[in-house]
Amino acid sequence: MSIKVRPVAESDKLVWRQMFDEYATFYKTAVPDGGHQTVWDWIFDPAADFWSEVVEDADGKLIGFTQYQLMFRSLGGGKVCYMSDLYVRPGNRGSGAGRALIDHVVGFAKANGIANVRWLTQDFNYDARRLYDSYVSKSDFVLYSIPIETQ
């Protein structure tokens with residue numbers, strides 16, 4: 001299958017939103033009110049260190065996306081690239097789309113002198129973990145996340 005990774009475009013908003021909702025559903029959550037627009041604004045804000053790429057199949061149909069950002073790593077005295085989101089539609093998994101998106105983010109990091117790309121996934125995401133394990137073994141860190149009521 002021929003695939004192409006490219007930056008998300010303004011014209012992709014409807015399909016991007018659908019895929020973003022599919023991604024949230026996979027992780028048993030939902031994008032909160034206003035969340036789509038907030039993330040969309042980050043993508044197109046030249047002052048934000050936040051990017052999004054989509055992957056197209058041979059027919060030009062969008063079949064997945066990634067979103068990534070820079071974050072400080074105090075122990076290393078520099079920044080790392082954090083891939084916050086990676087999604088490929090179920091019918092297109094195994095096509096190389098996920099690998100192409102990861103390779104794009106790794107290429108971005110190399111081109112920008114960023115020494116590390118990292119991401120999280122849930123333990124039950126076995127299909128994706130097989131792909132991720134082909135890059136590097138999982139780390140031994142454990143994530144803690146405290147929800148904070150802000151309203």
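1. In this predicted model, the mean positions of the 16 positive and 19 negative charges of the protein lie 5 Å apart. As for the surface that the protein presents, about 9,800 Å² is exposed, and carbon and sulfur atoms supply 54% of that area.

2. On overall dimensions, the C-alpha trace of the protein spans about 45 × 40 × 35 Å along its principal axes. The radius of gyration is 16 Å, which agrees with the value near 15 Å that a compact globule of 151 residues would have.

3. Turning to the interior and the contacts, 35% of the 151 residues of the protein count as buried. Among the contacts with a sequence separation of 6 or more, 58% are made by residues that stand 24 or more positions apart.

4. The secondary structure consists of four helices and five strands, and when the protein is read along its sequence these elements follow the pattern β-α-α-β-β-β-α-β-α.

5. The five strands form an open sheet with mixed pairing, and their order in that sheet is E1-E2-E3-E4-E5. Strand E1 (4–7) and strand E5 (117–118) stand at the edges, and because each has a single partner strand, one side of each is left without a neighbour in the sheet.

6. Within a sheet, strands pair through backbone hydrogen bonds, in either the parallel or the antiparallel sense. Here, strand E2 (residues 50–56) and strand E3 (residues 62–73) are paired in the antiparallel sense over seven bridges. A reader who wishes to follow this pairing in the structure may take Ser52, whose bridge partner in E3 is Gln67.

7. Trp51 deserves a separate paragraph. This residue is placed in strand E2, and with a relative accessibility of 24% Trp51 counts as partly exposed, since residues are called buried under 20% and exposed over 50%. Leaving aside residues up to four places away in sequence, Trp51 touches Thr66, Gln67, Tyr68, Gln69, Leu70 and Phe108. Gln67, one of these contacts, is also the bridge partner of Ser52.

8. A last point concerns the distance from Trp51 to His36, a residue 15 positions away along the chain: the C-alpha atoms of the two are separated by 14 Å.

Terms used: Residues numbered from 1 in each chain as written. Predicted model: local features only at pLDDT ≥ 70, side-chain atom pairs only at ≥ 80, totals over all residues. Heavy atoms only, no water. Helix = DSSP H or I, 4+ residues; strand = E, 2+ residues; numbered from the N terminus. Rg over C-alpha atoms; globule rule 2.2 N^0.38 Å. Buried < 20%, exposed > 50% of the residue type's maximum accessible area, 1.4 Å probe, protein only. Contact = heavy atoms within 4.5 Å. Areas by Shrake-Rupley, 256 points an atom, 1.4 Å probe, with all protein chains shown as cover. Lys, Arg positive; Asp, Glu negative; His and termini not counted. Charge placed at Lys NZ, Arg CZ, Asp CG, Glu CD. Pairing = 2+ DSSP bridges.
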